[in-house]
Amino acid sequence: MFLINCPYCGERDQSEFSAGGEAHILRPKQPTELSDDQWAEYLFMRKNIKGVQFERWNHAHGCRKWFNMIRDTSNDKIHAVYKMGEKPPLK
Amino acid sequence: MSKNLRITNSKFIDQTSRISFKFDGKTLYGFKGDTLASALLANDIHLVGRSFKYHRPRGIMACGPEEPNAIVQVGNDASMTEPNTRATEIELYEGLEASSQNCWPSVNFDIGAVNNFFSPLIPAAFYYKTFMWPANFWKLYEYFIRRSAGLGKSPTEPDKDIYDHKYLHCDVLVVGGGISGIIAAKTAAKNNSNTVLIDDKNILGGTTLFQENECFKINNSYSNEWLKKEIKSLKSLKSLTIKTRTSLAAYHSYNYLLARENLTDHLDINEKKDKIRQRLWKIRAKKVIIATGSMERPLIFNNNDRPGIMLSSSIKKYIDYYGVKCGQKVSLFTNNDSAYETAISLNNSGVNINSVIDIRDKTNSSIVKQAEKLGIKIHWKSTIVNTNGYKKINSIEIMQLSDDGTAVVGKKIKEECDCLGISGGWTPRVHLFTQSGGKLNFRDEDNVFLPGKSELDQISIGSCNGDFELDEIIKNTANTINKFLKVNNNDYENLKIISSKEIDKKNIWLLPSDKPLGKTKPFLDFQNDSTANDVKLALREGFKSIEHVKRYTTTGMATDQGKLSNMHALGIIAETAGVKMGELGTTTFRPPYTPLTFGAIVGRNVGEFFDITRKTPMHDWHIENKAEFENVGQWKRAWYYPIENENMHEAVQRESKAARDSAGILDASTLGKIDIQGSDASEFLNRVYTNAWSKLEIGKCRYGLMLNEDGMVYDDGVTTRLSENHYLMTTTTGGAANVLSKLEDYLQTEWPELDVYLTSVTDHYGTVSICGPNSKKILSKVIPDLDLSDKEFPHMSFKNALIDNIRCRIMRISFTGEHSYEINIQSSYAKSVWEKCFEAGKEFKITPYGTETMHLLRAEKGFIIAGQDTDGTMTPVDLQMDWIISKKKYDFIGKRSLYRSDTIREDRKQLVGLLTDDPKEILEEGAQIVAETNKQPIEMLGHVTSSYFSPNLNKSIALAVVKNGKKLKGQKLFVPMKNKTINVTITDTVFLDKENKRLNA
């Protein structure tokens, strides 16, 4: 059970959060311009890495804010959390 | 039975307070401080169970959680009985009733024991191999297999006990109250860290507590005396909390741990009542110190499972702690020094030691010398090749080991005994460390897996970290803890420690016998009855991975999870396959460490507290009016209101007719309500709904359909424009939370530039819906000064109004197709408004109706229910709702997906109406629809999504999704049921009032 440092509220138990999949996938600004394949790439294709991964999380039972997290899926180590719209502090 | 097996000088058992208990129906006596196991042994009862597969007699083997054999059923009350509990962990209490498991009719005469004679025919995976064919016989086999399998009996009634959950936060958690745990806890607490020390026993001290031997001294005192002083000073430390009878169950990431505290299990049966039985602690610790010690290994030799064969260290605990002699003529069999401690303890308590059989050539450690000085006979370089005695061991057969240890040589010596202590060395309890994600290293010298790398702020100390000698334990623990806690405690620096040192080590995983392997029974896993031969067979049959061998042979898969058996299984696999043990690795250690009761897991979340129950403000009225309720998500919704002896069908038919003929009243409070405000609110709605919102006038309502980005219908509802920048959105009852969360997601992550604020107001307003041709008259009685004319207050519009000076919002919207109003009012007033409407409607015979009637009425009109007629694969086009997709909008959620190659296919499943040829025949929801019934396999064209008998049309109606359904209007299809085939015709989805005349009636 993780201890997550919500960028707005501080450290809270994982049970207050919900995970929202891969981070930094921008919704295309002009979906109508895209081919089926390009749209499918945005819609369906997600990474599931063993290792360091960029993820979206929501403090669902807290401030309801979405934020990003850099997590190593092999050992659940959280390297960083940062607000939506901010640049990742690590690469 | 009258043998006196109890010595008088035990310091831990209160021999003045006698306790009576029952085992297998027989009344026996023990003392306060006993476990069930020690009390049984004091009564000379070793045989306590039968093994799982061969039903061989089995006796108590250990004294802690690793016990594989003495698992008993406690209690015989249908609600309180508990199977698979370890007799070695049950503290004796007045009134305890326990019984053997896995035997019938009794543990002494067990019919299943016939399996033992057939054991050569029941190898590993016997069931897999035998009952494969003929395949259709499985049903028959299963009946017998299920009856013969299984250990204890589950309770058949709900558990009456109370369980509890509690959170705990601390700086330092020390798991294990043995000597190293005590040193660690003391160091931490003296440094003013908020420290918690837990131990699964009822007393701190571990095995050192009863170590009274010349070979182990600290500052000229026996080690136990020194430790007792440590414990005494420990208890005075203010920042330390000690929890005994608390067993750590699980160690998760980020130092989150679960521990089960037994609060009443040790109390007399009449003292337990009304108290919390067990508490599950949810612990978040900044630092964790694991001091869980180690367990003694058995030795693997022919017939090593007879009652009376016990772990040597357990025999020592029974004599030194409980004051119980496990036998009168004891032999000991070992590969290390620890059995000599047992021999000396037994000798000092007046028990005859036949001999110690040691597989080593010779060793001269101080403890061995002490044993020799006491005249204890030692068979060096020897092994036991067989044991005898069916229900209790009565003799052993000893032979010399060959130089390489793979065979036996020389003459066989037979030695009579009534108890055999075995010691195969020690296994560190690394379970918690590995549960937390830590990696293990292997130490070849004494064949132990030790804690290696961990990502967490934790440390293992003492024998669970591979320190087995007293002086090492104290010095290494003190140093390690100082470093780990960054303190400088020098309490343990200048101790004068005397400790016997083990000099010679030797290990043989599978000891040889004079008989060939196939003729012997060297048990590995005592509880699941798997032998070394089974593991070797699995390897011969091609299994290589330890995880596969485990599952194929079931070694380590019983309720003890292989605590005693796993190391030997690994050893034998490594040896046979010719790989190093460190490379082979271990099977996965999973929580819980010992079985947890379901009660402890669920805590207080039972019965009505299992989940949140949401009730509408009018809930009490529904109860007073005898409503039946339906669960919709967490909500309790009135389902129908039966009058006198009406069944559901009759009530729904009456309600549906009344709503169309005169007036009906529905509690619609559960619909999700989201308050949307901000200067970009209209733009936001444009992006989340398929239709256009910018031009919606203030005071008007509009129906909206919300898609997922994949183009599939997600939710629907009516949204009202309350003012320029203020909307009230309604969602489905079940979808409310998800819709809000989805909208927040887009707002925060994709469109942060929009000035929009969302607030859930579902619980803030109650909603009274009145429908039917007389609804207008009723509302005009309730709010006389409101102009209800179609011109002033047309369909799909809203008005603010006052009822008894309380502000409310009236929407003229309809889910039934009738002239209808929804009154939204602050929840606390909703019941009185409901009652007021009901009073006003009495002259029109206003009829309360529930969700079932609501569903029927909307189906007559062909209105969908998102989640019933849609299932996440339906686009608006599939629903024949093309009209709701704005052609002008550049983008909205899901728009692009509506013209992917798959979504524009014409032969997708589409929503249609169905009429049965026989108007009295009601289709079953979920029934499959086919075009022909003769061909096999039949192609499924679709299924029925909604089906009712309409009293207003006097015929059965249904909605269905059918492949290419749009083009099949008028087509005859079939719905094959179990006993008949129903003929149906595809129709339009709207069955009643296609012209929408009733809306303005």
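What percentage of the contacts in chain A between residues at least 6 apart in sequence join residues at least 24 apart? The figure is 43%. Keep in mind on this tour that the model is predicted.

**Stop 1: chain A**

Select chain A and show it as a cartoon. You should find one helix and six strands. Trace the chain from the N terminus: the order of elements is β-β-β-α-β-β-β. Three strands thus precede the helix in that order, and three follow.

Now show the C-alpha atoms alone. Along the principal axes they fill a box of roughly 45 × 30 × 25 Å. Switch to a surface. Chain A exposes about 5,400 Å², and carbon and sulfur atoms supply 49% of that area. Of its 91 residues, 34% count as buried.

**Stop 2: where chain B meets chain A**

Bring chain B into view and select the residues in contact across the boundary. On the chain B side there are 29, and they touch 29 residues of chain A. The size of an interface is often given as the accessible area lost when the parts come together. Here the two chains bury about 2,600 Å² between them, with 45% of it on carbon and sulfur atoms.

Next, pick out Y254(B), Y890(B) and R896(B). These three supply 26% of the area that chain B buries against chain A. No other three residues supply more.

Stay on R896(B) and add D36(A). The two form a salt bridge, and their closest N and O atoms are 2.7 Å apart. How many salt bridges does the rule find across the interface of chain B and chain A? It finds seven. For polar contacts, the count between the chains is 22 residue pairs.

Select helix α20 of chain B, residues 736–750. This helix gives eight residues to the side of chain B that touches chain A, the largest share. Color that side by residue class: ten residues are nonpolar, eight are polar and eleven are charged.

**Stop 3: T363(B)**

Move to T363(B). Look for it in the loop between β19 (352–358) and α9 (366–373) of chain B. Is T363(B) buried or exposed? Its relative accessible area is 1%, so T363(B) is buried.

Show the side chains around it. Leaving aside residues up to four places away in sequence, T363(B) touches D337(B), V368(B), W380(B), I503(B) and D504(B). Select D504(B) from that group. Its side chain and that of T363(B) are joined by a polar contact of 2.6 Å.

**Stop 4: helix α12 of chain B**

Select residues 532–540 of chain B. This is helix α12, and it is mostly covered, with seven of its nine residues buried. The buried ones are A532(B), N533(B), D534(B), V535(B), L537(B), A538(B) and L539(B). Looking down a helix axis helps here: an α-helix has 3.6 residues a turn, so residues three or four places apart point the same way.

Then step past the end of the helix to G542(B). This glycine follows α12(B), and its phi is positive, near 105°.

**Stop 5: D918(B)**

Finish at D918(B). It lies in the loop between β45 (909–916) and β46 (928–929) of chain B. Its relative accessible area is 39%, so D918(B) counts as partly exposed. Contrast T363(B), which is buried at 1%.

For a last distance, select C837(B) together with D918(B). The pair are 81 residues apart in sequence. In space, C-alpha to C-alpha, they are 40 Å apart.

Terms used
Residues numbered from 1 in each chain as written. Chains lettered and ligands numbered in written order. Predicted model: local features only at pLDDT ≥ 70, side-chain atom pairs only at ≥ 80, totals over all residues. Heavy atoms only, no water. Contact = heavy atoms within 4.5 Å. Buried area = accessible area lost by both parts, 1.4 Å probe. Salt bridge = Lys/Arg side-chain N within 4 Å of Asp/Glu carboxyl O. Polar contact = N/O pair within 3.5 Å; in protein donor to acceptor, adjacent residues only side chain to side chain. Helix = DSSP H or I, 4+ residues; strand = E, 2+ residues; numbered from the N terminus. Nonpolar A, V, L, I, M, F, W, Y, C, P; charged D, E, K, R; others polar. Buried < 20%, exposed > 50% of the residue type's maximum accessible area, 1.4 Å probe, protein only. Areas by Shrake-Rupley, 256 points an atom, 1.4 Å probe, with all protein chains shown as cover.
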